[in-house]
Amino acid sequence: MLLLLGLVTSLARFASATDAPTIQLGKTTLVGRAIASLEQDFFGGIPYAKPPLGDLRLRPPVLLSSPDSHTLDASEFGLACLQTVFPVADMSEDCLTINVLRPSGISSKAKLPVVSYEIRQQSCSVYGGGFDMGDASIYNGSFIVAQSVARGTPVIYVNFNYRLGPLGFPQGQEADNRGALNLGLRDQIAALQWVQKNIEIFGGDKDKVTVFGESAGAIMTAILFLNSPLPQLARAAIMESGSQASAPLFTAERREIDWQNFVSAVPSCASTATSGSTFGCLRDANTTDIFTGLATSTAEANELFPWDPVIDGPGGLIPDLPSVLFERGRFARLPFISGTNQDEGTLFVPTTVNSTAEVEEQILAMFTPSVSPTILQNSVETLLKLYPDVPALGAPFNTGNQTFGLSSQFKRASAIYTDNGFLSQRRFWMQAAANAGVPTFGYLFTQPQATEPPFLGVTHASEIAYVYGSPSDPSPAATLISRVMTDYWVSFATSLTPNDGLGVPRPEWTQFTPKNKALIQLNAANLTMIPDDFRGEQSAFINSNPAIWRH
């Protein structure tokens, strides 16, 4: 970030170190915080929906145009939504808040493009975290805004909190019956609606919103392409390491036991757990009881991510498997960037895996019941043949026969997870969009991660710090590729192409088309376009019958 401070140019009346920026939002005065050293204004913790408490718990969000108070201290982020990774004092159910970071001194007539982010642990910005953890405060958008100003294409950065775990992604038959599915996704839509109503007051242009996110944030953004009002809320998207079904999509009934375990662990509602009528009690429960249920049931779940988006049927946000909707041409025609990291799966595979039987068991558990047991079993056996127990073919890729002190089965399982959850789906999604004439750009992030354990390789979420200008690797190469990536992202958000020619000199990133299936390789030592054909036989098999893998 310090490299850019001397490059930041003046836009207009910059706030002084002692002046707190203010915004009049309806009848409320927002008092923000001046980041004088970066010539930026921050407004945080602004409620975009009514607190989802009491009778509003487990219901879709109720949009707020402006806060109820006459003056709101907007100098800090709001509290995180309930989850298991933060201290209780740092969380609240009253967490549906949004944050705006802008260059200082701009007027309400500036009409700057807006980037909104959703990320893995956290533009409009959407955070990830497997749908059960994350917070908008984790990543600092100051570098993105500073670099956007330095290159002459200033942007406003927005991010927000959404409900997590069983409060954001309820499971089970009752939730389905009550239409209470995918509430976290509806929080995202409400936040984008708030941006449409209010961002011009901050100097943004509501017609130039780009949504971007990583992992769960990318998945959520990709899902909005299926059956949501996204085209009225944004004009483009960037999806880092996530497509519509990177978390395999089932109906809510599949995780009935997870919902029952959650309710069983809520002390005041335990007796209703198997009654099929739990919502009334849960709406009356206090937050302490709800948190107890969340923490206990998440720890006891028999899968890594028990609170995922689900197929919610006709009229829902996910009316069917994405592959079915792609075949019918039912998706939004917005330009987008989509990409993956070289070794996505290494972060998710247990380092203790040590046999073919164990790898097979894990795959079967993840995708049961997708089709008949016989078809699934045969498909898994074919998959294992396509990914033999040969270390040189496993992930982290391009590491030869090195196994890093682990079983060779770790590399095998990691390769399968990388391709099934990320590579094949990104490929399927981009090809469907390109065939429909949608402008799309793909990437493969392969920058070596010098500060991470070698067995992880270039794993899931490795690229986030580079986009935000803060790679843990201080080398000139890492700093350069970080600057390049931020320029590509900002260029796309402001001009719908990563190739505006401004900022750091960088190669042209060519569009992915039916005749030019190519990606940019994001690697400081070899920043170039590459054909999107690696592990083609394996991904072609996965994509030949996506219903098996719940794509």
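Here a biologist and a modeller talk through how some labels in this predicted model are reached.

Biologist: Let's begin with helix α16. Why is S491 called buried?

Modeller: S491 has 0% relative accessibility, and buried means under 20%, so S491 counts as buried. Its place is in helix α16, residues 476-495.

Biologist: And what is S491 in contact with, beyond its neighbours within four places in sequence?

Modeller: Its contacts are R151, L496, T497, P498, N499, D500 and R506. Contact means heavy atoms within 4.5 Å.

Biologist: How do you know that S482 is buried?

Modeller: The relative accessible area of S482 is 2%, and the limit for buried is under 20%, so S482 is buried. S482 also lies in helix α16, and, leaving out residues up to four places away in sequence, it touches A465, Y466, G469, S470 and P471.

Biologist: Two of the contacts of S491 were R151 and D500. What makes D500 and R151 a salt bridge?

Modeller: Their closest N and O atoms are 2.8 Å apart. The cut-off is a side-chain nitrogen of Lys or Arg within 4 Å of a carboxyl oxygen of Asp or Glu, so D500 and R151 form a salt bridge. This pair links distant parts of the chain: D500 is in the loop between α16 and β14, R151 is in the loop between α2 and β9, and they are 349 residues apart.

Biologist: Are D500 and R151 buried or partly exposed?

Modeller: D500 has a relative accessible area of 24%; partly exposed covers the range between 20% and 50%, so D500 is partly exposed. R151, at 8%, counts as buried.

Biologist: What else does D500 pair with in a salt bridge?

Modeller: D500 meets R506, with 3.0 Å from N to O. R506 is at 17% relative accessibility, and the limit is under 20%, so R506 counts as buried. R151, D487, D500 and R506 are linked in a network of salt bridges.

Biologist: How many salt bridges does the structure hold?

Modeller: The structure holds 15. One of them joins R57 and E93.

Biologist: How do you know that R57 and E93 form a salt bridge?

Modeller: The closest N and O atoms are 2.6 Å apart, and the limit is within 4 Å, so the pair counts as a salt bridge. R57 lies in the loop between β4 and β5 and E93 in the loop between β5 and β6, so the pair ties together parts that are 36 residues apart in sequence. R57 is buried at 3% relative accessible area, and E93 is buried at 4%.

Biologist: Now for the rings. How many aromatic pairs are there, and why is the pair of F348 and F422 called stacked?

Modeller: There are 29 aromatic pairs in the structure. For F348 and F422, the ring centres are 6.2 Å apart and the planes are at 20°. Pairing needs centres within 6.5 Å, and stacked means planes under 30 degrees apart, so this pair is stacked.

Biologist: What makes this pair a tie between separate parts of the chain?

Modeller: F348 lies in the loop between β12 and α12, and F422 in helix α14, so the pair ties together parts that are 74 residues apart in sequence. F348 is buried at a relative accessible area of 16%, and F422 is buried at 6%.

Biologist: Why, then, is the pair of F367 and W549 called edge-to-face?

Modeller: The centres of F367 and W549 are 5.3 Å apart, with 85° between the planes. Edge-to-face means over 60 degrees, so the label fits this pair. F367 is in helix α12 and W549 in the segment after α17, 182 residues apart. F367 is buried, and so is W549.

Biologist: Which residues form one aromatic cluster?

Modeller: F225, F326, F331, F336, F428 and W429 do. R333 lies over the face of F331, at 4.3 Å from the ring centre.

Biologist: Where does the charged end of R427 sit?

Modeller: The charged end of R427 sits over the ring of F534, 5.0 Å from its centre. The distance limit for a charge over a ring is within 6 Å.

Conventions:
Residues numbered from 1 in each chain as written. Predicted model: local features only at pLDDT ≥ 70, side-chain atom pairs only at ≥ 80, totals over all residues. Heavy atoms only, no water. Helix = DSSP H or I, 4+ residues; strand = E, 2+ residues; numbered from the N terminus. Buried < 20%, exposed > 50% of the residue type's maximum accessible area, 1.4 Å probe, protein only. Phe/Tyr/Trp six-rings, centres within 6.5 Å; stacked < 30°, edge-to-face > 60°. Lys NZ or Arg CZ within 6 Å of the ring centre and 35° of its normal.
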